There are 2 protein chains.
Amino acid sequence: MTTLTPAAAADRTGVSIDTLRYYEREGLIGPIRRTAGGRREYTEDDLFWIGLVTCFREAGLGIADLRGFVAILRAEHPPEDRVAFLLERRTALEKQVAALRRAMNVLDEKIAYYS
Amino acid sequence: MTTLTPAAAADRTGVSIDTLRYYEREGLIGPIRRTAGGRREYTEDDLFWIGLVTCFREAGLGIADLRGFVAILRAEHPPEDRVAFLLERRTALEKQVAALRRAMNVLDEKIAYYS
DNA sequence: TCTTGACCTGGAGCGCGCTCCAGATCCGAG
DNA sequence: CTCGGATCTGGAGCGCGCTCCAGGTCAAGA
(Lines give C-alpha, C1' and ligand atoms only; values in the text may rest on other atoms or scores of the structure.)
Protein backbone atom coordinates (compact mmCIF):
# COMPACT_ATOMS: atom_id res chain seq x y z
CA MET A 1 0.00 0.00 0.00
CA THR A 2 1.23 3.42 -0.98
CA THR A 3 2.03 5.77 1.87
CA LEU A 4 3.12 9.38 2.18
CA THR A 5 6.01 11.07 3.94
CA PRO A 6 5.20 13.82 6.43
CA ALA A 7 6.05 16.49 3.87
CA ALA A 8 3.80 14.91 1.26
CA ALA A 9 0.96 14.49 3.75
CA ALA A 10 1.31 18.12 4.78
CA ASP A 11 1.25 19.10 1.14
CA ARG A 12 -1.82 17.03 0.30
CA THR A 13 -3.83 18.11 3.35
CA GLY A 14 -2.73 21.71 3.62
CA VAL A 15 -1.89 21.10 7.27
CA SER A 16 1.67 21.84 8.40
CA ILE A 17 3.98 19.05 9.50
CA ASP A 18 4.14 20.54 12.97
CA THR A 19 0.38 20.65 13.19
CA LEU A 20 0.09 17.05 12.01
CA ARG A 21 2.42 16.01 14.81
CA TYR A 22 0.46 18.17 17.22
CA TYR A 23 -2.84 16.54 16.19
CA GLU A 24 -1.28 13.14 16.65
CA ARG A 25 0.00 14.05 20.13
CA GLU A 26 -3.48 15.26 21.01
CA GLY A 27 -4.99 12.01 19.82
CA LEU A 28 -6.98 13.61 17.01
CA ILE A 29 -5.38 11.43 14.35
CA GLY A 30 -3.35 8.28 14.23
CA PRO A 31 -1.30 6.94 15.80
CA ILE A 32 0.51 7.08 12.50
CA ARG A 33 2.46 4.02 11.44
CA ARG A 34 6.27 4.31 11.44
CA THR A 35 9.04 2.96 9.24
CA ALA A 36 11.81 0.86 10.76
CA GLY A 37 13.75 4.08 11.19
CA GLY A 38 10.94 5.80 13.09
CA ARG A 39 9.63 8.09 10.33
CA ARG A 40 5.89 8.53 9.93
CA GLU A 41 4.07 6.96 6.99
CA TYR A 42 0.65 8.45 6.28
CA THR A 43 -1.92 6.15 4.65
CA GLU A 44 -4.90 7.29 2.60
CA ASP A 45 -7.06 6.51 5.62
CA ASP A 46 -4.93 8.84 7.70
CA LEU A 47 -5.40 11.54 5.09
CA PHE A 48 -9.16 11.04 5.20
CA TRP A 49 -9.13 11.46 8.97
CA ILE A 50 -6.99 14.55 8.69
CA GLY A 51 -9.54 15.90 6.24
CA LEU A 52 -12.34 15.32 8.74
CA VAL A 53 -10.41 16.98 11.52
CA THR A 54 -9.61 19.93 9.28
CA CYS A 55 -13.26 20.22 8.27
CA PHE A 56 -14.31 20.50 11.90
CA ARG A 57 -11.47 22.79 12.87
CA GLU A 58 -12.49 25.14 10.06
CA ALA A 59 -16.00 25.06 11.47
CA GLY A 60 -14.60 26.34 14.74
CA LEU A 61 -14.61 23.19 16.85
CA GLY A 62 -11.88 23.07 19.48
CA ILE A 63 -9.31 20.38 20.06
CA ALA A 64 -11.28 18.99 23.01
CA ASP A 65 -14.47 18.78 20.91
CA LEU A 66 -12.55 16.90 18.29
CA ARG A 67 -11.18 14.46 20.82
CA GLY A 68 -14.78 13.75 21.72
CA PHE A 69 -15.63 13.28 18.08
CA VAL A 70 -12.75 10.87 17.60
CA ALA A 71 -13.89 8.85 20.59
CA ILE A 72 -17.38 8.72 19.09
CA LEU A 73 -16.25 7.56 15.69
CA ARG A 74 -14.09 4.91 17.30
CA ALA A 75 -17.30 3.61 18.84
CA GLU A 76 -16.00 3.93 22.35
CA HIS A 77 -19.44 4.93 23.57
CA PRO A 78 -22.96 3.48 23.37
CA PRO A 79 -24.97 4.54 20.30
CA GLU A 80 -27.35 6.84 22.18
CA ASP A 81 -24.42 8.78 23.62
CA ARG A 82 -22.95 9.09 20.15
CA VAL A 83 -26.14 10.48 18.67
CA ALA A 84 -26.58 12.83 21.63
CA PHE A 85 -23.05 14.12 21.21
CA LEU A 86 -23.46 14.59 17.48
CA LEU A 87 -26.79 16.38 17.86
CA GLU A 88 -25.33 18.66 20.49
CA ARG A 89 -22.47 19.57 18.17
CA ARG A 90 -24.93 20.14 15.37
CA THR A 91 -26.95 22.52 17.49
CA ALA A 92 -23.79 24.45 18.35
CA LEU A 93 -22.99 24.76 14.64
CA GLU A 94 -26.49 25.99 13.91
CA LYS A 95 -26.09 28.67 16.55
CA GLN A 96 -22.84 29.69 14.98
CA VAL A 97 -24.52 29.97 11.58
CA ALA A 98 -27.19 32.15 13.16
CA ALA A 99 -24.51 34.41 14.67
CA LEU A 100 -22.87 34.72 11.26
CA ARG A 101 -26.20 35.60 9.65
CA ARG A 102 -26.78 38.34 12.20
CA ALA A 103 -23.37 39.81 11.50
CA MET A 104 -23.96 39.55 7.75
CA ASN A 105 -27.22 41.43 8.12
CA VAL A 106 -25.42 44.24 9.89
CA LEU A 107 -22.82 44.31 7.13
CA ASP A 108 -25.49 44.33 4.43
CA GLU A 109 -27.16 47.25 6.12
CA LYS A 110 -23.91 49.22 6.19
CA ILE A 111 -23.05 48.23 2.63
CA ALA A 112 -26.44 49.47 1.46
CA TYR A 113 -25.94 52.68 3.39
CA TYR A 114 -22.52 53.41 1.90
CA SER A 115 -23.37 52.35 -1.66
CA MET B 1 -29.60 61.60 29.99
CA THR B 2 -29.67 58.31 31.84
CA THR B 3 -26.39 56.44 32.00
CA LEU B 4 -25.24 53.12 33.36
CA THR B 5 -22.51 52.10 35.76
CA PRO B 6 -19.96 49.55 34.56
CA ALA B 7 -21.72 46.78 36.47
CA ALA B 8 -25.07 47.70 34.93
CA ALA B 9 -23.58 47.93 31.45
CA ALA B 10 -21.97 44.53 31.90
CA ASP B 11 -25.27 43.15 33.05
CA ARG B 12 -27.24 44.61 30.16
CA THR B 13 -24.77 43.59 27.46
CA GLY B 14 -23.63 40.25 28.84
CA VAL B 15 -20.04 41.40 28.47
CA SER B 16 -17.86 41.34 31.58
CA ILE B 17 -16.60 44.58 33.10
CA ASP B 18 -13.03 43.54 32.39
CA THR B 19 -13.87 42.86 28.79
CA LEU B 20 -15.61 46.21 28.44
CA ARG B 21 -12.46 47.91 29.67
CA TYR B 22 -10.40 45.75 27.36
CA TYR B 23 -12.55 46.73 24.36
CA GLU B 24 -12.20 50.36 25.30
CA ARG B 25 -8.40 50.06 25.58
CA GLU B 26 -8.36 48.42 22.16
CA GLY B 27 -10.42 51.24 20.70
CA LEU B 28 -13.40 49.04 19.85
CA ILE B 29 -15.78 51.13 21.92
CA GLY B 30 -15.82 54.54 23.50
CA PRO B 31 -13.96 56.36 24.82
CA ILE B 32 -16.56 56.12 27.54
CA ARG B 33 -17.48 59.31 29.34
CA ARG B 34 -16.36 59.62 32.97
CA THR B 35 -17.86 61.14 36.08
CA ALA B 36 -15.95 63.79 37.99
CA GLY B 37 -14.49 61.00 40.08
CA GLY B 38 -13.26 59.08 37.06
CA ARG B 39 -15.87 56.33 36.90
CA ARG B 40 -17.26 55.26 33.55
CA GLU B 41 -20.78 56.18 32.51
CA TYR B 42 -22.19 54.12 29.67
CA THR B 43 -24.81 55.78 27.48
CA GLU B 44 -27.42 53.97 25.38
CA ASP B 45 -25.28 54.73 22.37
CA ASP B 46 -22.36 53.02 24.03
CA LEU B 47 -24.54 49.98 24.68
CA PHE B 48 -25.56 49.91 21.04
CA TRP B 49 -21.93 49.91 19.97
CA ILE B 50 -21.12 47.19 22.45
CA GLY B 51 -23.94 45.20 20.93
CA LEU B 52 -22.46 45.62 17.46
CA VAL B 53 -19.03 44.59 18.66
CA THR B 54 -20.47 41.56 20.41
CA CYS B 55 -22.39 40.61 17.30
CA PHE B 56 -19.21 40.58 15.25
CA ARG B 57 -17.14 38.88 17.92
CA GLU B 58 -19.73 36.10 18.05
CA ALA B 59 -19.42 35.79 14.32
CA GLY B 60 -15.72 35.12 14.80
CA LEU B 61 -14.19 38.44 13.79
CA GLY B 62 -10.96 39.27 15.57
CA ILE B 63 -10.12 42.39 17.52
CA ALA B 64 -8.07 43.77 14.62
CA ASP B 65 -10.98 43.25 12.20
CA LEU B 66 -13.22 45.11 14.59
CA ARG B 67 -10.81 48.00 14.85
CA GLY B 68 -11.08 48.23 11.09
CA PHE B 69 -14.83 48.17 11.32
CA VAL B 70 -14.85 50.91 13.91
CA ALA B 71 -12.64 53.05 11.70
CA ILE B 72 -15.07 52.49 8.84
CA LEU B 73 -18.16 53.42 10.80
CA ARG B 74 -16.42 56.52 12.04
CA ALA B 75 -16.05 57.49 8.42
CA GLU B 76 -12.30 57.77 8.64
CA HIS B 77 -11.95 56.40 5.10
CA PRO B 78 -13.33 57.26 1.67
CA PRO B 79 -16.64 55.58 0.80
CA GLU B 80 -15.17 53.17 -1.75
CA ASP B 81 -12.70 51.86 0.85
CA ARG B 82 -15.53 51.39 3.28
CA VAL B 83 -17.61 49.37 0.88
CA ALA B 84 -14.58 47.34 -0.16
CA PHE B 85 -13.81 46.56 3.45
CA LEU B 86 -17.38 45.61 4.23
CA LEU B 87 -17.67 43.40 1.17
CA GLU B 88 -14.42 41.67 2.03
CA ARG B 89 -15.67 40.95 5.54
CA ARG B 90 -18.93 39.70 4.11
CA THR B 91 -17.12 37.28 1.84
CA ALA B 92 -15.15 35.97 4.80
CA LEU B 93 -18.38 35.37 6.70
CA GLU B 94 -19.87 33.54 3.74
CA LYS B 95 -16.84 31.29 3.64
CA GLN B 96 -17.26 30.60 7.31
CA VAL B 97 -20.90 29.67 6.76
CA ALA B 98 -19.81 27.31 4.00
CA ALA B 99 -17.30 25.68 6.36
CA LEU B 100 -20.02 25.24 8.95
CA ARG B 101 -22.34 23.68 6.37
CA ARG B 102 -19.65 21.19 5.39
CA ALA B 103 -19.15 20.19 9.00
CA MET B 104 -22.90 19.92 9.53
CA ASN B 105 -23.17 17.63 6.52
CA VAL B 106 -20.56 15.35 8.03
CA LEU B 107 -22.43 15.36 11.32
CA ASP B 108 -25.74 14.62 9.60
CA GLU B 109 -24.13 11.70 7.84
CA LYS B 110 -22.87 10.28 11.12
CA ILE B 111 -26.15 10.96 12.89
CA ALA B 112 -28.02 9.11 10.17
CA TYR B 113 -25.55 6.26 10.42
CA TYR B 114 -25.90 5.88 14.19
CA SER B 115 -29.67 6.38 14.32
C1' DT C 1 31.83 6.46 2.51
C1' DC C 2 30.38 11.04 3.10
C1' DT C 3 27.17 14.61 2.63
C1' DT C 4 22.86 16.60 2.90
C1' DG C 5 18.35 17.23 3.83
C1' DA C 6 14.15 15.33 5.68
C1' DC C 7 12.61 13.78 9.94
C1' DC C 8 12.67 12.63 15.01
C1' DT C 9 11.60 14.16 20.20
C1' DG C 10 10.77 17.19 23.98
C1' DG C 11 10.01 21.45 25.19
C1' DA C 12 9.91 26.51 24.74
C1' DG C 13 7.65 30.51 22.57
C1' DC C 14 3.90 33.14 20.61
C1' DG C 15 -0.45 35.79 19.40
C1' DC C 16 -5.08 36.15 20.69
C1' DG C 17 -8.72 37.36 23.75
C1' DC C 18 -9.69 37.76 27.60
C1' DT C 19 -9.29 37.37 32.99
C1' DC C 20 -7.36 38.33 37.28
C1' DC C 21 -4.69 40.91 40.67
C1' DA C 22 -2.70 44.65 43.68
C1' DG C 23 -3.05 48.80 45.46
C1' DA C 24 -5.36 53.10 45.30
C1' DT C 25 -9.69 55.98 44.88
C1' DC C 26 -14.51 57.07 44.98
C1' DC C 27 -18.92 57.53 47.14
C1' DG C 28 -23.53 56.10 49.16
C1' DA C 29 -25.44 54.16 53.41
C1' DG C 30 -25.47 54.37 58.36
C1' DC D 1 -17.21 60.76 59.56
C1' DT D 2 -16.59 56.02 58.77
C1' DC D 3 -17.12 51.89 56.42
C1' DG D 4 -17.36 48.93 52.61
C1' DG D 5 -18.47 47.89 48.07
C1' DA D 6 -17.78 49.43 43.39
C1' DT D 7 -14.46 51.21 40.44
C1' DC D 8 -9.97 52.84 38.91
C1' DT D 9 -5.07 51.80 36.57
C1' DG D 10 -1.24 49.13 34.94
C1' DG D 11 0.34 44.95 34.37
C1' DA D 12 0.67 39.91 35.01
C1' DG D 13 -1.39 35.39 33.98
C1' DC D 14 -3.92 31.98 31.35
C1' DG D 15 -5.85 28.56 27.90
C1' DC D 16 -5.85 27.64 23.15
C1' DG D 17 -3.79 26.24 18.94
C1' DC D 18 -0.34 26.16 16.89
C1' DT D 19 4.82 27.22 15.62
C1' DC D 20 9.57 27.07 16.27
C1' DC D 21 13.95 25.40 18.04
C1' DA D 22 17.94 22.42 19.56
C1' DG D 23 20.19 18.49 19.22
C1' DG D 24 20.18 14.16 17.37
C1' DT D 25 18.87 10.20 13.74
C1' DC D 26 17.91 8.34 9.25
C1' DA D 27 18.61 7.51 4.37
C1' DA D 28 19.20 8.69 -0.67
C1' DG D 29 22.57 10.37 -3.91
C1' DA D 30 27.50 11.59 -5.43
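## Exercises: two chains and DNA strand C

Helix H2(B) gives the most to the surface near DNA strand C, with five residues; near means that a residue has a heavy atom within 4 Å of the strand, and helices are DSSP runs (H or I, at least four residues) numbered from the N terminus. This is a predicted model, where local features need pLDDT of at least 70, side-chain atom pairs count only at pLDDT 80 or more, and totals for chains, interfaces and linings use all residues. Residues are numbered from 1 along each chain as its sequence is written, chains are lettered from A and ligands numbered from 1 in the order written, and side-chain values use heavy atoms, with hydrogens and water left out.

**Exercise 1.** Work out how chain B maps onto chain A.

*Solution.* Start with the superposition, done by least squares on C-alpha atoms of residues with pLDDT of at least 70 in both copies. A 180° rotation with 0.0 Å of shift along its axis does the job, at RMSD 0.0 Å. That's how a two-fold axis relates copies. Next, look along the axis: in chain B, the C-alpha of Val97(B) is nearest, 3.0 Å away.

**Exercise 2.** Find polar side-chain atoms that sit by a phosphate oxygen or a base nitrogen of DNA strand C.

*Solution.* Take the phosphates first. Arg57(B) has a side-chain N or O atom 2.6 Å from a phosphate oxygen, and for Thr19(B) the distance is 3.3 Å. Now the base: a polar side-chain atom of Arg39(A) lies 3.2 Å from a base nitrogen. The cut-off for such pairs of N or O atoms is 3.5 Å.

Note on methods. A polar contact is a pair of N or O atoms within 3.5 Å; within protein, one must be able to donate a hydrogen and the other to accept it, and residues adjacent in sequence count only if both atoms are side-chain atoms.
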